[in-house]
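Me: Got a model here that I'd like to go through with you. Can we start with the packing and then look at the rings?

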Amino acid sequence: EMVKSVNDAASDTCPRLGWWRWLFLGVFVFGGASVWGHPDGGYPRLLGMNIGAKNYGDATYQPQLARLDAVILGFYPGWGQGTGSNPIRQVVQALKRINPKLLVGQYTIVTEAYERTGAKDADRDKTVVLDQQGWWLKTADGRKVQWTDVYGAWDVNITEWTKPDGMRRRYPEWLADRDYKTYFLAVPEFDIWFFDGVSERPYTKVADWTVDRVNDSNADPRIAAAFRRGHAREWSRARSVSSRLTLMGNVDNDLSFTEYAGRLQGAFLEALMGKPWSLESWGGWDKMMARYRGALKNVSSPRIVGFNIWGDPADYRLARYGLTSCLLEDAYFSFTDKVRGYSSVPWFDEYDVNLGKPTEVPQRIAWRDGVYRRLFEKGMILVNPTGQTRTVDLPSGYRRIVGRQAAVPNYGQV
C-alpha cells in the first residue's frame with residue numbers, strides 16, 4: 001500500500017518553535033487532554049466506524065466507543081436477545097451516560113441483502129419480501145447477481161422499473177419503513193441514520209435493471225441516474241418518518257449529482273488513504289482533498305462528514321498525515337486498523353490534545369512552499385503534501401506536544 005512519508009517534514013525540520021503552545025506533526029496546540037472528546041467542542045473531532053464486531057455490551061469496549069465524538073454501530077434485529085427488553089437501546093443509553101455529547105448512528109444498506117430463509121435469521125424479512133415482490137437484481141436470463149462475493153450478499157434492484165407493492169412502495173421505501181421501526185423508533189437515542197453504498201453508479205457492470213429481459217450496462221447514464229434516484233427515494237422516506245435524525249451516506253463521490261446534492265446531512269469518505277484503491281493512492285492528495293471538500297459542500301447542516309483512512313495503528317506518521325489533512329477542513333477524523341477493520345478504536349497522542357475551534361476558515365491555498373497551515377484557538381496544524389522535505393519558520397509561542405507513542409516528533413520541544 002502506498003503511504004505518503006512526507007508528513008513529518010513540516011514539524012521535523014521547523015527551526016523556530018516558541019513557548020507555551022503545543023505542536024503535533026504539523027499541529028501546534030495549547031490545550032489539555034480530556035477523558036473523552038473535548039467538552040468545548042474543540043478539534044480534532046473523531047468518528048468511529050464500528051460495524052464489525054458486535055460486542056457492544058462489553059463493559060471494556062463501551063468506554064472506548066464513548067471517547068469518540070460520533071460512532072456508527074451495526075446492530076441487527078434480535079441483537080442481545082435475552083439480555084433485556086430493549087438491549088440495543090440499553091447499549092446506546094450506556095454510551096451516552098459515559099459521554100452525553102456522543103452522536104450514535106445505526107448502519108443500514110439498501111443495495112444488497114443476504115439470502116436468509118431460516119426462521120431465526122435476523123434479516124429473514126428482507127429475503128421474504130425480496131422474493132415475494134421480485135425486487136432482487138437479476139440478469140436477462142433470470143440469475144441473481146453479486147457485485148462482489150466477499151460479503152455473501154446479493155444485489156437489489158432499487159430503481160423505479162421494479163413493481164411496487166400494495167402500498168405503492170418499492171424496496172427503498174419498504175426498507176426505510178422497516179429500518180425505522182426496527183431501530184430508530186425503538187431507540188429514540190439514535191442520532192444518525194447511516195446508509196451504505198451511496199455510489200455514483202451501480203458496481204454491478206451488467207444486469208437487467210429495466211426488467212425487460214435485456215441486460216443493461218452500469219455505464220448507461222439512464223441506469224446510473226435511476227440507481228441514484230433509488231437512494232434518494234429511501235432518504236425521502238426516511239425523512240418523512242423522522243425529521244430529527246441526521247441522514248449520512250457512505251459515498252464514493254462528492255454528492256454533486258442532482259439526485260444527491262443537498263439531500264444528506266452527512267457523508268462517510270471511506271478509506272481516502274491507506275488502501276490500494278484509495279483516492280489518495282491512485283489520484284494523489286489534491287484529488288482526495290477535492291472529493292473531501294466537495295462532499296462537505298454538498299451535504300446540508302449539520303454536515304457530519306467522516307474523513308476515514310486505513311492503516312497500521314503503529315504508523316503514527318500516516319495517522320498524522322491523515323489527521324492534519326482532515327483538519328484543513330471541518331470533518332470528523334476516522335482511523336481504521338487495517339487488520340481489525342471496523343472492530344476497534346485506535347487511539348493516538350494527538351487525539352488527547354484540544355486544539356479548540358478554528359480561528360480561520362478552511363485553508364485551500366498553501367501557506368508557504370507547498371505547506372498548508374490552519375490556525376485554531378489553542379494551536380495550529382501543518383501538512384506537507386508535496387512529497388519533499390520542507391523547512392518553514394513558525395511564529396514564537398509554539399511547542400510540540402508531549403506524547404507517549406512517538407518519541408519523535410512528540411517530545412515537547414520548544
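Reply: Sure. A nonpolar core here is a set of buried Ala, Val, Leu, Ile, Met, Phe, Trp, Tyr and Cys residues joined through side-chain atoms within 4.5 Å. Keep in mind that this is a predicted model, with a mean pLDDT of 89 for the chain.

Me: Which helix gives the most to the largest nonpolar core?
Reply: That core has 86 residues, and Y171 is among those that touch the most other members. Y171 lies in helix α5, as does W174. With 7 residues, the top contributor to the core is helix α5.

Me: What is the angle between the ring planes of Y171 and W174?
Reply: Both residues are buried, and they sit 3 residues apart in helix α5, about one turn. Their ring centres are 5.8 Å apart. Planes under 30 degrees apart count as stacked, and this pair is stacked, at 20°.

Me: Why is the pair of Y56 and Y61 stacked?
Reply: Y56 is buried at 0% relative accessible area, and Y61 is buried at 4%. Their ring centres lie 6.4 Å apart. Stacking needs planes under 30 degrees apart, so the pair counts as stacked because its planes are at 10°.

Me: Which lysine lies over the face of W310?
Reply: W310 belongs to a second, separate core of 14 residues, which also includes I72, M248 and A271. Elsewhere, the charged end of K144 sits over the ring of W136, 4.5 Å from its centre. For W310, the lysine is 4.1 Å from the ring centre, and that's K275.

Notes:
Residues are numbered from 1 along each chain as its sequence is written. This is a predicted model: local features need pLDDT of at least 70, side-chain atom pairs count only at pLDDT 80 or more; totals for chains, interfaces and linings use all residues. Side-chain values use heavy atoms; hydrogens and water are left out. pLDDT is the predictor's confidence in each residue, from 0 to 100. Buried means under 20% relative accessible area, exposed over 50%, partly exposed in between (1.4 Å probe, protein chains only). Helices (H or I, at least four residues) and strands (E, at least two) are DSSP runs, numbered from the N terminus. Rings of Phe, Tyr and Trp (its six-membered ring) pair if their centres lie within 6.5 Å; planes under 30 degrees apart count as stacked, over 60 as edge-to-face and the rest as tilted. A charge sits over a ring if NZ of Lys or CZ of Arg is within 6 Å of the ring centre and within 35 degrees of the ring normal.
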